[in-house]
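User: I would like to go through this model with you and ask, for each label, what value stands behind it.

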Amino acid sequence: MNDPRKHAVLYRMVMPKHLCPFGLKSRDLLKREGYSIDDHWLRTREQVDEFKRQEGVDTTPQTYIDGQRIGGYDDVRRFFGKTVVDPKSTRYRPVLAVFAVALLLAFAIAYAAFGTIISGRVVEWFLALSMTLLGMLKLRDVEGFSNMFLGYDLLAQRVVPYAYVYPYGETLAGLLMVAGALTWLAAPVALVLGTVGAISVFKAVYLDKRELKCACVGGDSNVPLGFVSLTENLVMIGMGLWMLVR
């Protein structure tokens, strides 16, 4: 129930071809904080431009509380003491999401195959699925991945097409390892990718002391090059060796 003493005024874009997501988020946050809202819709580009001119602001939505302009969605979050994530900040969430989903998928496969999640193959599937998901993220934007990858991979710097082949190789090797098929192909691919990658990362980070972004989750990554990428490559080496031994 809204507190009658808590009142806000919100101006946001609601156009036939554009519904501002940050306006919806601002309205939702205000409601959850117990505010009643005068929700003003800016329905045309002319109305938006006129509002910006009158209020001297560059963006919408804009929220006002007790006659004071609070600002856009991030400003409203700050007003209520909530965290605002800097899009340029280092974020490990994509990597953690990959490993968490890969582990859950491994449990799901084990349960479907054996009726239990207790299986010796869970670890194997987890690592192979992690490779597959990381490869998939690179495949979203191979060009963007290659731009970042060329900054540190030693083989790609000598043979540029390798940067374009890498995401397909990682994904293929992961899928074959999940299926337990074509070991003669999957194992060497994983070993080559992992070995070259591990050497490249170790040299760039630990010898040359360079501060780079990791291309492990694609070309738009904010994950620093280092432990995560090195782990990814060591996993590929380990899986390649395991598949050959098995």
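User: How much accessible surface does the protein have, and what percentage of it belongs to carbon and sulfur atoms?

Analyst: This is a predicted model, and in it the accessible surface of the protein comes to about 13700 Å². Of that surface, 62% belongs to carbon and sulfur atoms.

User: What makes the protein more spread out than a compact globule?

Analyst: The protein is built from 10 helices and 5 strands. Its radius of gyration is 25 Å, whereas the globule rule gives 18 Å for 246 residues, and because the value is well over that figure, the protein is described as more spread out than a compact globule. Taken along the principal axes, the box filled by the C-alpha atoms is roughly 70 × 50 × 35 Å. Buried residues nevertheless account for 42% of the 246 residues.

User: Why is K138 called buried?

Analyst: The relative accessible area of K138 is 1%, and the label applies under 20%, so K138 counts as buried. This lysine belongs to helix 5, which covers residues 121-139. Beyond its neighbours within four places in sequence, K138 is in contact with F145, Y166, P167, E170, A215, C216, G218 and E232.

User: How do you know that the side chains of K138 and E170 make a polar contact?

Analyst: The two side chains are joined at 3.0 Å, and a pair of N or O atoms has to lie within 3.5 Å to qualify, so the pair K138 and E170 meets the distance condition.

User: Why does S130 count as buried, and what does its side chain reach?

Analyst: S130 is also placed in helix 5, and with a relative accessibility of 2% against a limit of 20%, S130 counts as buried. The side chain of S130 reaches the backbone oxygen of F126 at 2.8 Å. Setting aside residues up to four places away in sequence, S130 touches V98, F99 and A102.

User: Which residues have the most contacts inside the largest nonpolar core, and which elements contribute to this core?

Analyst: The largest nonpolar core has 48 residues, and M131, F149 and M177 are those with the most contacts inside it. Two or more residues come from each of helix 4 (93-114), helix 5, helix 6 (142-149), helix 8 (161-179), helix 9 (183-207) and helix 10 (227-245). Helix 9 supplies the largest share, 10 residues. Not counting residues up to four places away in sequence, M131 touches E170, A173, G174, M177, A190, V235, M236 and M239. As general background, nonpolar side chains tend to be buried together in soluble globular proteins.

User: What makes helix 6 largely enclosed by the rest of the structure?

Analyst: The conclusion rests on a count, because 6 of the 8 residues of helix 6 are buried. Those residues are V142, G144, F145, S146, M148 and F149, and they pack against helix 5, helix 7 (154-158) and helix 8.

User: Why is D38 called partly exposed rather than buried or exposed?

Analyst: The relative accessibility of D38 is 36%, which falls between the 20% limit for buried and the 50% limit for exposed, so D38 counts as partly exposed. This aspartate lies in strand 3 (residues 36-42). Its contacts beyond four places in sequence are with H7, A8, V9 and L10. With H7, the contact includes a polar one between the two side chains at 3.1 Å. D38 and L10 are 28 residues apart in sequence, while their C-alpha atoms are 6.1 Å apart in space.

User: Why is D66 called exposed, and what is notable about its phi?

Analyst: D66 has a relative accessible area of 71%, and because the label exposed requires over 50%, D66 meets it. Phi of D66 is near 55 degrees, a positive value in a residue other than glycine. D66 sits in the hairpin of strand 4 and strand 5, with 2 residues between the strands. These strands, residues 62-65 and 68-71, pair in the antiparallel sense over 3 bridges, and I65 has Q68 as its bridge partner in strand 5.

User: Why is L182 called partly exposed?

Analyst: L182 has a relative accessible area of 43%, between 20% and 50%, so the label partly exposed applies. L182 is placed in the loop between helix 8 and helix 9, and its phi, near 50 degrees, is positive in a residue other than glycine.

Methods:
Residues are numbered from 1 along each chain as its sequence is written. This is a predicted model: local features need pLDDT of at least 70, side-chain atom pairs count only at pLDDT 80 or more; totals for chains, interfaces and linings use all residues. Side-chain values use heavy atoms; hydrogens and water are left out. Helices (H or I, at least four residues) and strands (E, at least two) are DSSP runs, numbered from the N terminus. Buried means under 20% relative accessible area, exposed over 50%, partly exposed in between (1.4 Å probe, protein chains only). A polar contact is a pair of N or O atoms within 3.5 Å; within protein, one must be able to donate a hydrogen and the other to accept it, and residues adjacent in sequence count only if both atoms are side-chain atoms. Contact means heavy atoms within 4.5 Å. A nonpolar core is a set of buried Ala, Val, Leu, Ile, Met, Phe, Trp, Tyr and Cys residues joined through side-chain atoms within 4.5 Å. The radius of gyration is taken over C-alpha atoms; the globule rule is 2.2 Å times the number of residues to the power 0.38. Accessible areas come from the Shrake-Rupley method with a 1.4 Å probe; for residues, only the protein chains shown count as cover. Two strands pair if DSSP finds at least two bridges between them.
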